[in-house]
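Q: I've got a structure open and want a quick tour. Can you walk me through the helix packing and the odd backbone spots?

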Amino acid sequence: MTLLAALIDAGLTLRADDNRLIVTPAALLTEDLRSLIRQHKTELLDSVARGLAADRPYRLTPVQGDRCHAGGWDDAEMATFTARQALMLGAGHGSTDAEDLAERLTLRDRDADDRRACIECRHYHRARCGNREAAGLHSQEVGRGLAALLQRCPGFVLKEQEKYK
Ligand code: SF4
């Protein structure tokens, strides 16, 4: 998923003012979110400028979609996709977003991208991280959108249900 989608999912509104990124409401901005926004300011400005806060924020681009489906999916990929879709639905995502997010994880695997999402982590439960210190978080709260964001976390441990790959 995109960081922009995760921030919107966390209840934030983003707009660009020349080269400044305005994020509101300030009351929802945790230290962890501020840090992510600072790190990805250029990417966020670009996304806001292109109006990607659409009704399907997690949808792959056409190029990514072609890459994700190239050659079709084998049985293992189909089973993994279905399990991840269920995981996303269980986390409260709607059916379209759950499908889009599961596709993003398929593409992640096909790209041999080593990033992971909290939703795949054994320490993620009910929108909270149970390994906050190892993860370097200021707070245990990890909203639904951020939990689907691909990242590299030192506290990550793969959930049992994801070990079928
Ligand atoms: S340990 Fe890292 S990957 Fe796992 S839930 Fe916490 S923040 Fe997410």
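A: What follows is a short run through helix contacts, the core and some backbone details. One thing up front: this is a predicted model.

Q: Fine. At what angle do α5 and α6 cross?

A: Roughly 135 degrees. Helix α5 covers residues 75–90 and helix α6 covers residues 95–110. Their axes come within 8 Å. That angle makes α5 oblique to α6, because it falls outside the 65 to 115 range for roughly perpendicular and is not over 145, the cut-off for roughly antiparallel.

Q: Which residues make the contact?

A: From α5, Glu-77, Phe-81, Arg-84, Gln-85, Met-88 and Leu-89. From α6, Ser-95, Asp-97, Ala-98, Glu-99, Leu-101, Ala-102, Leu-105 and Thr-106.

Q: What's the mix by class?

A: The contact of α5 with α6 has 7 nonpolar, 3 polar and 4 charged residues.

Q: And is that crossing left-handed or right-handed?

A: Right-handed, as α5 passes α6.

Q: Ala-98 is on that list. Buried or exposed?

A: Ala-98 counts as buried because it has 21 C-beta neighbours inside 10 Å, and the cut-off is 20 or more. Ala-98 lies in helix α6.

Q: What does Ala-98 touch, leaving aside neighbours within four places in sequence?

A: Gln-85, Met-88, Leu-89 and His-93.

Q: Now α4 against α6. Roughly parallel or roughly perpendicular?

A: Roughly perpendicular, because the axes cross at roughly 65 degrees. Helix α4 spans residues 62–69, and its axis comes within 9 Å of the α6 axis. The crossing of α4 and α6 is left-handed.

Q: Which residues meet there?

A: Gln-64, Arg-67 and Cys-68 in α4 meet Glu-103, Thr-106, Leu-107 and Arg-110 in α6. By class, that contact divides into 2 nonpolar, 2 polar and 3 charged residues.

Q: Switching to the core. How many residues are in the largest nonpolar one?

A: It has 25. The members that touch the most others are Ala-6, Leu-101, Cys-118, Ile-119, Tyr-124, Ala-147 and Ala-148.

Q: Which elements give two or more residues to this core?

A: α1 (3–9), α5, α6 and α8 (144–147). The largest share, 5 residues, comes from α1.

Q: Why do such residues group like that in general?

A: In soluble globular proteins, nonpolar side chains tend to be buried together.

Q: Zoom in on Ala-147. What is it in contact with, leaving aside its neighbours within four places in sequence?

A: Ala-91, Ala-117, Cys-118, Ile-119, Tyr-124 and Val-142.

Q: OK, backbone oddities. Where's the cis peptide bond involving Pro-25?

A: It runs from Thr-24 to Pro-25, with omega near -5 degrees. Pro-25 is found in the loop between β2 (20–24) and α2 (31–39).

Q: What about phi at Ala-112?

A: Positive, at about 55 degrees, although Ala-112 is not a glycine. Ala-112 sits in the loop between α6 and β3 (124–125). Ala-112 counts as exposed, because it has 6 C-beta neighbours inside 10 Å and the cut-off is 12 or fewer.

Q: And phi at Ala-127?

A: Near 65 degrees, a positive value in a residue other than glycine. Ala-127 is in the loop between β3 and β4 (128–129). With 15 other C-beta atoms within 10 Å, Ala-127 is partly exposed.

Q: Last one. What separates the C-alpha atoms of Ala-98 and Ala-127?

A: They are separated by 16 Å, and the two residues are 29 apart along the chain.

Note on methods: Residues numbered from 1 in each chain as written. Predicted model: local features only at pLDDT ≥ 70, side-chain atom pairs only at ≥ 80, totals over all residues. Axes fitted to C-alpha atoms, helices over the stretch in contact; angles between N-to-C directions. Helix = DSSP H or I, 4+ residues; strand = E, 2+ residues; numbered from the N terminus. Parallel < 35°, antiparallel > 145°, perpendicular 65-115°, else oblique. Left-handed = near helix turned anticlockwise from the far one by under 90°. Contact = placed C-beta atoms within 7 Å. Nonpolar A, V, L, I, M, F, W, Y, C, P; charged D, E, K, R; others polar. Core = buried A, V, L, I, M, F, W, Y, C linked by C-beta atoms within 7 Å.
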